[in-house]
Amino acid sequence: MTMARFDATAAANPGVRQLQPYQAGKPMDELQRELGLSHVVKLASNENPLGLSEKVRTALQGELSDLIRYPDANGFYLKSKLAELQGVDTHQITLGNGSNDVLEILARTFVNADNEVIFSQHAFVVYPLVTQAIGAKAVAVPASDYGHDLDAMAGAITDRTKMIFIANPNNPTGTFLSTESIKTFLDKVPSNVLVVLDEAYYEYVAEHERAPSIAWLKDYPNLVVSRTFSKAYGLAGLRAGYAVTSAEIADLLNRIRQPFNVNSLSLKAAEVVLDDHDYLQQAIKVNAAGMQQLIEFCQQDGFGYISSHGNFLTIEVGPKAADIYQKLLHEGVIVRPVAGYELPNHLRVSIGLADENQAFIDAMRRISY
Ligand SMILES: *Cc1c(COP(=O)(O)O)cnc(C)c1O
């Protein structure tokens, strides 16, 4: 008998075969090596430009000798702190290796191959990814003016719908849904459908515009709120995020979660950074100033942009976006192409420090004229 070669692609689940690999921002050292550049500015992954909180740095050094031990599987201290901060019970919190992990745990807990999962066109790439990995049907609802069309999303609900993802603000568009519009939507969604409100950029939203999403959990047991330490808290490399839900949902999520999905350093860093109020305030301030700087550039140079509530601005640079992206790389500036999000004429620029934003602006002016 001759053994045929194992055909991995044919053997893989159909949903997985259809997935495109996640396109991460180009790493800085890779670009430096490839092009022999001495200085590179990375504005590609919505990272916090402030650098690590000094309080976190100190705390992490104290943590190193304990790395021979397994992490606290229940994340007791971090959950206690989060519960206090959010006014919920510790049993309502599920920790994740980044909030991406939580989104995947949610899908694996509740969605099966016969289900449909709804999200918006131009929404965060992880939603189709976790949906298709399970073999469920991904239903992308056309956006309205780049943002979620909540009426259309409510209209897309069928008997098979199990989960709806809403990113507020959304990445990569920065679009934002008002408190009233989300509340109206929640009232329309049948109680057997989960609504996952992904608030990765929550801290950047002006206080008076923030939805009282966690307070809504009392009235909507089918609601899930997810947050992250990757953006305003500046811990993207450590991978820490969480979901706040009913205690019943959290109990189920915690059954499927890998026991040590958040490592010791991440637990410690997240716990400490929650007390570093100055760091968060500084991050918000630098972001607001940088946003203004990029908007003024767009206005002066005649580029359209999508009004953003996040820590990035998605700029309409026209049909040569891919070319401009490449030219920016050669100028030592990494931004993010968003053609994969059906935005072929745009580039997403993360807000950096003033001099980093200026480096992008200067590079744009050198290459476009
Ligand atoms: C960055 C981001 C996240 C957070 O990802 P982590 O896994 O927590 O780093 C979640 N949702 C959206 C929309 C994001 O842009």
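Which helix holds both Arg255 and Asp251, and how many residues apart are they? Keep that in mind as you open the viewer, and remember throughout that this is a predicted model.

**Stop 1: a pair within one helix**

Select residues 247-256, which form helix α11. Arg255 and Asp251 both lie here, 4 residues apart, about one turn of the helix. An α-helix has 3.6 residues a turn, so residues three or four places apart point the same way. Show the two side chains and you will find Arg255 and Asp251 meeting in a salt bridge, at 2.6 Å from N to O. Now add a surface: Arg255 counts as exposed, at 61% relative accessibility, whereas Asp251 is partly exposed, at 38%.

**Stop 2: a covered helix**

Next, select residues 264-273, helix α12. This helix is mostly covered, with 9 of its 10 residues buried. Among the buried ones are Leu265, Leu267, Ala269, Ala270, Val272 and Val273, and Ser264, Ser266 and Glu271 are buried too. What lies over them? The cover for the buried residues of α12 includes α4 (54-63), α5 (76-86), β2 (93-96) and α13 (277-301), so try giving each of those elements its own colour.

Before leaving, zoom in on the start of α12. There, a side-chain oxygen of Asn263 reaches to within 3.0 Å of the backbone nitrogen of Leu265.

**Stop 3: salt bridges between distant parts of the sequence**

Side chains of opposite charge can pair when their charged atoms come close. Searching the whole structure turns up 12 salt bridges, including the one you saw in α11. Here are two others to select.

Start with Asp275 and Lys81, whose side chains meet in a salt bridge of 2.5 Å, N to O. Asp275 sits in the loop between α12 and α13 and Lys81 in helix α5, so this pair ties together parts that are 194 residues apart in sequence. Both ends are partly exposed: Asp275 has 42% relative accessibility and Lys81 has 22%.

Then move to Lys188 and Asp151, which form a salt bridge of 2.7 Å, N to O. Lys188 belongs to helix α9 (residues 179-188) and Asp151 to helix α8 (residues 150-155), so parts 37 residues apart in sequence are tied together. On the surface view, Lys188 is partly exposed at 44% relative accessibility, while Asp151 is exposed at 55%.

**Stop 4: two helices crossing**

Now select residues 321-330 (α14) and residues 354-368 (α15). Two packed helices are described by the angle between their axes and the distance between the axes. Here the axes come within 10 Å and cross at roughly 115 degrees, and the crossing of α14 past α15 is right-handed. To see who makes the contact, show Ile324, Lys327 and Leu328 of α14 with Phe360, Ala363, Met364 and Ile367 of α15. By class, this contact has 6 nonpolar, no polar and 1 charged residues.

**Stop 5: a serine in a loop**

Finish at Ser230, in the loop between β7 (223-228) and β8 (241-244). Is Ser230 buried or exposed? At 7% relative accessibility, Ser230 counts as buried. Show its neighbours: leaving aside residues up to four places away in sequence, Ser230 touches Leu235, Ala236, Arg239 and Ala240. With Arg239 there is also a polar contact, side chain to side chain, at 3.4 Å.

Definitions and conventions. Residues are numbered from 1 along each chain as its sequence is written. This is a predicted model: local features need pLDDT of at least 70, side-chain atom pairs count only at pLDDT 80 or more; totals for chains, interfaces and linings use all residues. Side-chain values use heavy atoms; hydrogens and water are left out. Buried means under 20% relative accessible area, exposed over 50%, partly exposed in between (1.4 Å probe, protein chains only). Contact means heavy atoms within 4.5 Å. A polar contact is a pair of N or O atoms within 3.5 Å; within protein, one must be able to donate a hydrogen and the other to accept it, and residues adjacent in sequence count only if both atoms are side-chain atoms. A salt bridge is a side-chain nitrogen of Lys or Arg within 4 Å of a carboxyl oxygen of Asp or Glu. Axes are lines fitted to C-alpha atoms, for helices over the stretch in contact, and angles run from 0 to 180 degrees between N-to-C directions. A crossing is left-handed if the near helix is turned anticlockwise from the far one by less than a right angle, and right-handed if clockwise. Ala, Val, Leu, Ile, Met, Phe, Trp, Tyr, Cys and Pro count as nonpolar, Asp, Glu, Lys and Arg as charged, and the others, Gly among them, as polar.
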